[in-house]
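Colleague: Could you take a close look at one part of this assembly, namely how the paired chains are arranged and how they meet? Please give the cut-offs for each term as you use it.

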Protein chains: 4
Amino acid sequence: MKAKTATAAPSKTQGRPRSDEARRQILEAAYTLLKEKPTNAITAQQIAEEAGVSTATLYRWWKTKEKVLFEACLERLKTGPLPGKKGSPGARLHESACNSAKWMRSESGRVMARIIGGIQGDEELRRSYLAKFYAPRRQSQRRLVEEAIAAGELKPGTNPELLIDALFGPLFFRWINGHAPVDQAFADAVANAALRMFAR
Amino acid sequence: MKAKTATAAPSKTQGRPRSDEARRQILEAAYTLLKEKPTNAITAQQIAEEAGVSTATLYRWWKTKEKVLFEACLERLKTGPLPGKKGSPGARLHESACNSAKWMRSESGRVMARIIGGIQGDEELRRSYLAKFYAPRRQSQRRLVEEAIAAGELKPGTNPELLIDALFGPLFFRWINGHAPVDQAFADAVANAALRMFAR
Amino acid sequence: MKAKTATAAPSKTQGRPRSDEARRQILEAAYTLLKEKPTNAITAQQIAEEAGVSTATLYRWWKTKEKVLFEACLERLKTGPLPGKKGSPGARLHESACNSAKWMRSESGRVMARIIGGIQGDEELRRSYLAKFYAPRRQSQRRLVEEAIAAGELKPGTNPELLIDALFGPLFFRWINGHAPVDQAFADAVANAALRMFAR
Amino acid sequence: MKAKTATAAPSKTQGRPRSDEARRQILEAAYTLLKEKPTNAITAQQIAEEAGVSTATLYRWWKTKEKVLFEACLERLKTGPLPGKKGSPGARLHESACNSAKWMRSESGRVMARIIGGIQGDEELRRSYLAKFYAPRRQSQRRLVEEAIAAGELKPGTNPELLIDALFGPLFFRWINGHAPVDQAFADAVANAALRMFAR
DNA sequence: AGATAAGCGAGACGGTACGTCTTGTCTTCTT
DNA sequence: AAGAAGACAAGACGTACCGTCTCGCTTATCT
């Protein structure tokens with residue numbers, strides 16, 4: 001994508017530089033459309049038009065429409081669900097689950113559900129999603145669990161992976177499967193149950 | 001569409017009857033294609049050609065390509081993940097989770113993941129999925145939980161919904177999110193944890 | 001009635017028959033545009049839109065835009081420059097030259113000049129032009145020359161090819177090269193000169 | 001265009017001087033491409049790439065691609081068909097016709113046919129063609145005719161325009177229309193006929 | 001038996017989107 | 001100031017797919 005210069009600058013920047021304005025407009029337009037309709041109902045020309053850009057420019061920087069939509073999400077979802085901030089590590093884990101539930105119910109959450117749907121069957125996109133979106137969040141959750149273990153809130157032998165999946169899996173399940181709402185009461189109950197299970 | 005049987009049925013069915021052969025071929029072709037590629041890479045003409053049928057016939061019976069693919073799945077996935085069969089209700093719940101994990105790793109599971117992905121952003125399709133595929137399975141799981149409660153294996157106040165989501169949510173999470181494999185050890189651990197949590 | 005014999009004849013006309021309406025509209029639209037601008041300023045989509053047809057339909061029947069324009073001309077220029085009708089064979093040749101000049105100055109003539117221009121460098125198109133447009137006219141001119149020889153108006157050893165090129169070449173020259181108008185006085189003078197040259 | 005170098009003003013001229021190298025390369029590249037394909041198959045980027053030049057440079061000096069191709073021809077065709085050199089004015093006219101035929105069969109002739117084709121429907125280009133390419137040659141032919149009249153080889157009342165068109169028209173006709181080759185025998189026969197017609 | 005009615009495969013249709021290509025302009029850095 | 005590189009908007013290219021339609025045929029039931 002970009003960056004590339006980095007290191008030793010193999011060949012400065014010949015020619016007209018990429019319009020960052022255009023890039024921003026495209027991602028913004030993509031996100032706007034994602035709020036309205038699912039990925040397969042969005043066309044490259046719609047994005048281009050909405051962004052005031054030619055389709056050629058769009059395709060110069062992204063191989064496929066899907067990658068545009070994906071990057072648009074990443075850009076906007078920099079925040080994503082907020083990790084817990086207050087209290088002990090255990091309380092912060094609990095808060096994280098509640099924040100995740102809240103985020104899933106938000107517009108961003110709805111948009112992200114569409115992206116996750118579109119990822120099924122495209123391994124490259126899935127790898128991107130895991131690496132760029134999910135992995136960092138998972139990592140911070142893992143740290144929190146380890147802190148909680150260190151603080152004596154969780155059993156010493158606790159498997160962090162298992163705990164995290166037990167904590168967020170049920171929320172994800174309702175979010176994507178849609179059989180029931182991801183409300184606060186549910187998030188609270190799930191977090192209580194999961195944390196109690198591994199509590200000292 | 002037409003009146004079909006419905007109300008007063010003025011007279012069975014005049015004219016040539018629908019070719020069940022065609023219907024079967026279409027669904028089979030759709031499923032075959034689903035095994036190879038994600039829904040958005042499958043075209044109505046591919047299905048029709050593979051089935052040796054005209055697109056007109058396809059569209060006579062299904063409004064959209066997506067509904068064909070969806071129905072093709074339902075047809076084939078009559079089985080889906082098998083519920084537990086042996087032992088106490090609790091053991092059967094545990095077995096159900098393991099069977100689900102096994103099914104998620106199977107070809108059927110991979111196909112279904114694509115369908116669930118395609119469902120995001122199409123509420124009608126999601127309703128169909130929930131009503132025709134998910135609800136019956138959920139219902140049988142709920143019954144199992146109630147039996148377990150009645151048998152004294154689970155706490156009297158156990159919330160069946162919470163337990164089921166705690167039991168299958170983490171599996172679903174790994175299946176769709178893809179951050180880790182849905183292997184047997186994981187299924188076993190999750191089932192143990194969830195059931196222990198609500199055990200008497 | 002069709003009779004059709006029923007025997008082998010597997011071909012017949014399967015499927016929806018080609019819309020002759022569409023074909024006509026496309027050729028008409030192409031011709032309309034040719035009156036306004038040169039071939040390289042006409043786009044396939046313009047033709048399609050003007051014809052109220054999709055570009056797919058256009059490309060289904062013609063490989064390239066140029067072939068559409070060419071066929072549109074042939075269709076319309078069924079008439080082309082009229083051969084002489086009255087008087088002796090020699091007088092008819094003279095009249096033919098004058099009619100050609102008149103036609104070259106007409107709208108049809110201007111359109112045809114564009115087609116002939118577009119033919120340079122595309123041997124396939126040139127062959128089509130020669131075979132379908134030019135050859136029949138040349139043939140009738142040749143006949144006329146032979147009649148004139150038989151009638152004793154022209155020298156017995158007259159080379160028909162040479163005479164025809166001498167008669168129409170100068171008109172064609174001014175028409176395509178454009179250094180002077182192809183007016184009636186010029187056509188008359190050329191015809192007089194050419195015919196006198198080979199006169200008995 | 002621009003002031004260009006003008007006579008002897010290599011002096012000050014702030015900034016980098018125009019690369020005459022670039023101009024030459026562009027025209028050469030354009031001509032090279034013209035030998036291979038018709039004008040409408042040649043793109044501005046092809047010319048630029050072949051010339052090792054940016055398209056911006058190309059467009060700085062020429063308004064359109066067509067003008068580049070046109071000028072490339074003019075540059076190379078400085079020679080064009082050679083006028084007759086030896087003998088009486090009449091003999092030189094005859095030789096001119098034969099030289100024209102020879103040139104039409106040459107590579108230059110084939111390239112020029114494409115340019116003339118491209119000129120149909122673009123009046124500005126046609127004017128350029130007439131003024132810069134055709135007019136000088138026509139003028140020298142006219143002079144030759146007048147000399148022949150003065151020398152008594154042609155009838156006193158001979159219309160030079162008519163004679164020139166009668167002499168070169170048939171060659172042009174075969175060249176552009178393509179119904180027969182512009183061979184030497186034909187050129188010879190046409191020249192004989194035309195000159196005899198107006199001979200004293 | 002004949003009429004009526006729906007289903008069928010083939011394939012053309014108008015429409016829309018695709019992703020690429022071309023045109024001529026513009027921007028930045030280099031010479 | 002000119003040039004090279006190359007990004008840009010605009011829009012045409014020719015193809016693919018969508019969902020509909022027309023056609024000639026087949027297969028049933030109803031009269």
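Modeller: Chain C is superposed on chain D, with an RMSD of 0.1 Å, by a rotation of 180 degrees with 0.0 Å of shift along its axis; the fit is by least squares on the C-alpha atoms of residues with pLDDT of at least 70 in both copies. That is the relation of a two-fold axis. Within chain C, Gly117(C) has the C-alpha nearest the axis, 1.8 Å from it. The model is predicted: local features need pLDDT of at least 70, side-chain atom pairs count only at pLDDT 80 or more, and totals for chains, interfaces and linings use all residues. Residues are numbered from 1 along each chain as its sequence is written, while chains are lettered from A and ligands numbered from 1 in the order in which they are written.

The contact between these two chains takes 35 residues from chain C and 35 residues from chain D, two residues being in contact if their C-beta atoms, placed from the backbone, lie within 7 Å. On the side of chain C that touches chain D, at least two residues each come from helix 6 (107–119), helix 7 (123–150), helix 8 (160–177) and helix 9 (184–198) of chain C. Helices here are DSSP runs of H or I with at least four residues, numbered from the N terminus. Helix 8 of chain C gives the largest share of that side, 12 residues. By class, the side of chain C that touches chain D has 18 nonpolar, nine polar and eight charged residues; Ala, Val, Leu, Ile, Met, Phe, Trp, Tyr, Cys and Pro count as nonpolar, Asp, Glu, Lys and Arg as charged, and the others, Gly among them, as polar. Of the interface residues of chain C, 100% are also interface residues in chain D, so the copies meet through the same surface.

The other pair can be described in like terms. A turn of 180 degrees and a shift of 0.0 Å along the axis lay chain A on chain B with an RMSD of 0.1 Å. In chain A, the C-alpha nearest the axis belongs to Gly117(A), 1.7 Å from it. Here too, 100% of the interface residues of chain A are interface residues in chain B, so the copies meet through the same surface.

Between the pairs, chain A and chain C do not touch, their nearest C-alpha atoms being 17 Å apart. Nor does any contact join chain B and chain D, whose closest C-alpha atoms lie 35 Å apart.
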